[in-house]
Amino acid sequence: MLISIQQFEEIGIKKIEKVIEEFTKNPTDIASLVYGIRDGVISLGLNIIEETLEDCDHMLRESGKRKLDWQIVKQDKKVLTTSLGDITFKKTLFKNKKDGERCYLLDQIVGLEPHEQMTEDAEAKMLEEAVQTSYRKAGEETSLSESNVSKETVMNKLHALKFPEAPKPAEKKVVDYLYIDADEDHVALQFKEKKGDLEQGEDGRKNNCVLVKLVYVYEGVEPEAPKSKRNRLINPHYFSGVYEGEDNQKLWDEVYEYLDNNYDLSKVKKIYLNADGGGWIQAGKNRIAGVTSVLDEFHLSKYLLKMTGHMLESAGEARKELYAVIRNGTKEKFREVVEKIEGCAETEAAKKRVAEGANYILSNWTAAKIRVEKRDAIAGCSAEGHVSHVLSSRMSSRPMGWSRTGADRMGHLRAYYWNGGDMLELVRYQSEELPVAVGAENDVISSAEMLAWERQHHNELGKYVESITHSVSIQTKMKVAFNKSIYGL
């Protein structure tokens, strides 16, 4: 780090002074001032990172502990993308004296996988952009300075993601009611697993659609502000991804596990499932005991409008009658009203719409009845809006094609994002924890070695060391700390 600061004092400060001088000549060009200072600071940061890694590698080369088991083979250059920009540094390849294994020990200590091209912070920055825009944009925004990360690299990182379970709270909440809303987004596929594997239907068209499912749990709704007419969900938690066939049970098991971990279910009076009556959604009732299905307001209104659209000025009165029958009547009475409405239809298309709407409501009769009877007591379903906001805005609102794996991982990533997940924590979750090094808790360098190291580097960079006041220099502290990692090899 001290060499980088020395170079900055000799060269970098002069560049910044020149930027400031140019600004004073043209004070309206504040953008050039900002860009100039930014570039100077980023350059200093990249130099410090490069020097720090090379210092660590040098300590490995000089370590007596390392010499017992590993011998030097050669030194190579490594280019690594960080969230600041690309860095280039030297690292040493070592060979184990016992089994002949070859390894860059620096990579092992700092947690870099073989052939890794970017740091954790860069990958987190990339995911923060990918979850909101596109693979291409995520590659461009990986670093503050120019980034060469390709959209293929972004895609490969996304496809390999594993997601952690939601953390368990110290104490379960006690609430009277819980709500579960569910719906899906129809996402276009370029292919399932590889190009050319899409099947054609009987109509000759490719089956290029996959359902990305969305389920979210919440405790109710409340106004966004004291006088606001807009509502927001209370403590929502999202689940999303491609769950097909038996995987659908896995989705609902994840939902139940979250509920059981976070709430005292024995004290919950009711769990309402707001949805459109789809088969995969109703299957959730079989995985979560005590759930009451409620037909969501959006689909109920949609089909009632569909049934009465041909009645022109009388449509409003017809819908009121249908609502009243659903609330207080029976299926038989509902069919009688449907027959009257169908009798007013002048075309086969209108009759077909009436029949389709009636069949939908009758097949979800109990859920529709609960929705109408308890409209004020049960939180209205917002699944359609949430699908648009949580999924469609990134996955289907613009022309784009996905693979099945990509759609599944993006669904999970969107849910992780809306649950307030930290992208850096997600990146770190991908790597298995390194075993604790035996003896790493003990000092592995003597006070005499510390003083010798201090004197050596003070003589090399005396005036620059003096410009940074420490009781023990940063170089010495670094050597002490890093030697603990060397003893863990």
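# Salt bridges, strands and burial in a predicted model

Colleague: How many salt bridges does the structure hold?
Modeller: This is a predicted model. A salt bridge here needs a side-chain nitrogen of Lys or Arg within 4 Å of a carboxyl oxygen of Asp or Glu. The number of salt bridges the structure holds is 22.

Colleague: Which side chain meets that of Asp 69 in a salt bridge?
Modeller: Asp 69 is in helix α3, which covers residues 64-69. Its partner is also in α3, 4 residues apart from Asp 69, or about one turn of the helix. The N to O distance is 3.7 Å, and the partner is Lys 65.

Colleague: Is Asp 76 buried or exposed?
Modeller: Asp 76 forms a salt bridge with Lys 74, with the closest N and O atoms 3.9 Å apart. Lys 74 is partly exposed, at 43% relative accessibility. Asp 76 has a relative accessible area of 19%. The cut-off for buried is under 20%, so Asp 76 counts as buried.

Colleague: How many residues apart in sequence are the parts tied together by Glu 222 and Arg 232?
Modeller: Glu 222 and Arg 232 form a salt bridge whose closest N and O atoms are 3.1 Å apart. Glu 222 lies in strand β6 (residues 221-223) and Arg 232 in strand β7 (residues 231-233), so the pair ties together parts whose separation in sequence is 10 residues.

Colleague: What are the relative accessible areas of Glu 222 and Arg 232?
Modeller: A residue is partly exposed when it falls between the cut-offs of 20% and 50%. Glu 222 is partly exposed, with a value of 30%. Arg 232 is also partly exposed, and its value is 42%.

Colleague: Which residues are joined into one network by salt bridges that share partners?
Modeller: The network is built from salt bridges with partners in common. Its members are Glu 116, Glu 123 and Lys 157.

Colleague: Which strands stand at the edges of the open sheet of 3 strands?
Modeller: The order of this sheet is β1-β2-β3, and its pairing is antiparallel. An edge strand has a single partner strand, so one side of it is left without a neighbour in the sheet. That applies to β1 (70-81) and β3 (102-103).

Colleague: Which residue in β3 stands opposite Phe 94?
Modeller: Strand β2 takes in residues 86-96 and runs antiparallel to β3, with 2 bridges between them. Opposite Phe 94 in β3 stands Cys 103.

Colleague: What angle does the direction of helix α2 make with that of β2?
Modeller: Helix α2 is formed by residues 30-62 and packs on the sheet. It touches β1 and β2. Its direction makes an angle with that of β2 of about 10°.

Colleague: How much accessible area does the nonpolar patch of Ile 30, Val 34 and Tyr 35 have together?
Modeller: Val 34, one of the patch residues, is found in helix α2. Val 34 is partly exposed, at 48% relative accessible area. Taken together, the patch residues have an accessible area of about 310 Å².

Colleague: Which residue in β5 is the bridge partner of Glu 184?
Modeller: Strand β4 (residues 177-188) is mostly covered, with 9 of its 12 residues buried. β4 pairs in the antiparallel sense with strand β5 (residues 209-218) over 10 bridges. The bridge partner of Glu 184 in β5 is Lys 213.

Colleague: Which residue in β9 is the bridge partner of Leu 178?
Modeller: β4 also pairs with strand β9 (residues 270-275), in the parallel sense and over 5 bridges. In β9, the partner of Leu 178 is Ile 271.

Colleague: Which residue in β10 stands opposite Ile 271?
Modeller: β9 and β10 run parallel and are joined by 5 bridges. Ile 271 stands opposite a residue of β10, namely Val 291.

Colleague: Which residues of β10 point the other way from Val 291, Ser 293 and Leu 295?
Modeller: Strand β10 (residues 291-295) is mostly covered, with 5 of its 5 residues buried. Val 291, Ser 293 and Leu 295 point one way, and these are buried. Also buried, but pointing the other way, are Thr 292 and Val 294.

Colleague: What share of the residues of the chain count as buried?
Modeller: The secondary structure of the chain comes to 21 helices and 10 strands. The chain has 489 residues, and the share that count as buried is 42%.

Key
Residues numbered from 1 in each chain as written. Predicted model: local features only at pLDDT ≥ 70, side-chain atom pairs only at ≥ 80, totals over all residues. Heavy atoms only, no water. Pairing = 2+ DSSP bridges. Contact = heavy atoms within 4.5 Å. Axes fitted to C-alpha atoms, helices over the stretch in contact; angles between N-to-C directions. Patch = residues over 30% accessible without salt bridge, like charges linked within 9 Å, V, L, I, M, F, W, Y side chains within 5 Å. Areas by Shrake-Rupley, 256 points an atom, 1.4 Å probe, with all protein chains shown as cover. Buried < 20%, exposed > 50% of the residue type's maximum accessible area, 1.4 Å probe, protein only.
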